[in-house]
Amino acid sequence: MSSLTMAAPILQTTALSVRGLTKRYGGRTVLSGVDFDVRYGELVAFLGANGSGKSTTLKCVMGLAEPDDGGITLDGAALGPLRGGQLQAARRQAAMIFQKIHLVPRRSALDNVCAGALNRIPTSRSLIPALFPREIREEAMACLDRVGLADRALDKVSQLSGGQQQRVAVARALCQRATIVLADEPVSALDPHAAERVMALLHDLAHSENLAVAAVLHQPDLARRHADRAIGLLGGRMVFDTPTRDLTGAQLDELYQPDRMDLT
Amino acid sequence: MSTPLDTPRATPRRMPVPRDPRRRWRTGSLAAAVVVVVVLHVLAFEGTEFRPARLIEGWEGMARFLAEAFPPDLSWEVLGPSLEATVVTLWIGLLGTTLSVPFAILLAVLGARTTSPHPLVYQAARSVLSFFRAVPDIVFALIFVTAVGLGPFAGVLALICHNTGVMGKLWAESMEEIDQGPQEALRTAGANRTQQVAHATLPMVVPQFVGLLLYRFDVNVRSSLVLGLVGAGGIGLLINQSIKSFQFDEMLTHIIVVLVLIVVVDQVSALVRRRLAA
Ligand SMILES: Nc1ncnc2c1ncn2[C@@H]1O[C@H](COP(=O)(O)OP(=O)(O)OP(=O)(O)O)[C@@H](O)[C@H]1O
Ligand SMILES: [Mg+2]
């Protein structure tokens, strides 16, 4: 219901807010004091060299890594004090898309998309895909249609191209009814055409469905064309947070300079 | 005009290979390993009273035995019961395999590090699996014979127990080996543990599961033969009886029938596995 009233991204409210995020692995600080916001209706690109902490940032938001310090707010709910079921409910607002896609190749695109809705289906009705309620299957169908793959719904995922598989993964995130989509290198394994199409889709989801989308990208060029803002990470610290139209070559050079400290 | 640089070098370049400091250590440990293996074999020869000379001295006994076995008794009074009992052996192997599937899946899911709900549950499941695997099916058969009496039912129960242990372990291992990505993806989507297993882990390992299942069926049909020897029904029982009553020609008939069964089961399961792999 709220998605109807918020369809036009006029008033951009904050979807994801990260403050002072710090993460250490075995005494080595890989994130220190990362601060950023992602608002509904925008696509934010994360840029940075290998090992700069992009994936770790997303993992901390998704609960795949435990932050050592800092606060995360998802859709107005501060995660810090939440525990158990409440924490899970808050996290359900966010969906993650992976470079390696992580669909089940032997199952149909539709079954994979339905799996995004598992948290709304009682366990007894979700043991095999044949038991999925009809309204879930129909919703999943609509999500596949949204990513332009309604005609491939019954094909096995293994028979789809990499770009199509990544769009199925996006559909799964939609079927989860996520309002915040985090994508870790969603197009790094795709050819330029497929990458373009997936990025255009993510851009469109942000702008016409008013989702908050954050994507780690390794091509500044794609960020310039599709993202509204770019956040630069260098050795676990944020070095810029600017609208992509203001992104300068000097800023990018700083990110990818070869003599950075953690060169190994 | 060609300069010397335009043509390939006449002699290939060479460079000294650096000395590998681990090489002597590797040679030493290889020699030590050879010595250990040789010593173990000497001890094993002693322990099993391995004397090939005795086999040559006793060839007459074997020749007499074989002479009595040939030709096999192919009369219907022998062949009929033999075929019937062989089918029972097949049924024992089949039920022993399929009825252990639910137990094996449950214990595999609890006993795989990637799907187990708790380290204690993991340890418990692994212990149960180890126990069922460690006790040979023939021992289970002897135990069940005392409970349900002589016959194929005891054989089925024995195979269920042992096969649960073996298949559960193999399945747990194949679940630990597969790509954990899909499971993690569903976890981030808010799916609970059961749902993660049902929609990511299990569908990912179906080919390995079916392959191992067919392999175990193959093994279990052969095991059920041996179980017959201790009274758990099937063709093994007939083989045992014909040996005890010195009817070696009957025994040979049974063995030929068994051979046919085993070749057929082997071929069918190989065929199905090939189909699955394709
Ligand atoms: N589980 C882990 N254990 C120990 N160190 C880790 C772990 N995960 C990440 N790191 C370290 O944290 C640092 C940041 O890693 P991260 O994966 O966030 O980088 P990234 O920016 O995503 O790089 P890439 O572009 O290669 O994906 C790296 O130095 C990495 O070695
Ligand atoms: Mg990364």
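Strand β1 (residues 14-25) and strand β4 (residues 69-74) of chain A run antiparallel and are joined by five bridges. One residue to pick out in that pairing is A:Leu16, whose bridge partner in β4(A) is A:Leu74. Keep in mind as you look around that this is a predicted model. Here is a short tour of the sheet first, then of the contact between the two chains.

**The sheet in chain A**

- The pair belongs to an open sheet of four strands in chain A, ordered β2-β1-β4-β5, with antiparallel pairing.
- At the edges stand β2 (28-39) and β5 (77-78) of chain A; each has a single partner strand, so one side of each has no neighbour in the sheet.
- In general, strands of a sheet pair through backbone hydrogen bonds, in either a parallel or an antiparallel way.

**The helix across it**

- Helix α2 (residues 54-62) of chain A lies across β1, β2 and β4 of chain A.
- Relative to β1(A), helix α2 of chain A runs at about 115°.

**Where chain A meets chain B**

- On the chain A side, 26 residues are in contact with 21 residues of chain B.
- The two chains bury about 1,800 Å² between them, and 61% of this is on carbon and sulfur atoms.
- A:His102, A:Arg106 and A:Leu118 supply 27% of the area that chain A buries against chain B, more than any other three residues.
- The side of chain A that touches chain B is made up of 16 nonpolar, six polar and four charged residues.
- Between chain A and chain B, eight residue pairs are in polar contact (both at pLDDT 80 or more), while the rule finds zero salt bridges across the interface.

Definitions and conventions:
Residues are numbered from 1 along each chain as its sequence is written. Chains are lettered from A and ligands numbered from 1 in the order in which they are written. This is a predicted model: local features need pLDDT of at least 70, side-chain atom pairs count only at pLDDT 80 or more; totals for chains, interfaces and linings use all residues. Side-chain values use heavy atoms; hydrogens and water are left out. Contact means heavy atoms within 4.5 Å. Buried area is the accessible area (1.4 Å probe) that two parts lose on being put together, summed over both. A salt bridge is a side-chain nitrogen of Lys or Arg within 4 Å of a carboxyl oxygen of Asp or Glu. A polar contact is a pair of N or O atoms within 3.5 Å; within protein, one must be able to donate a hydrogen and the other to accept it, and residues adjacent in sequence count only if both atoms are side-chain atoms. Ala, Val, Leu, Ile, Met, Phe, Trp, Tyr, Cys and Pro count as nonpolar, Asp, Glu, Lys and Arg as charged, and the others, Gly among them, as polar. Two strands pair if DSSP finds at least two bridges between them. Axes are lines fitted to C-alpha atoms, for helices over the stretch in contact, and angles run from 0 to 180 degrees between N-to-C directions.
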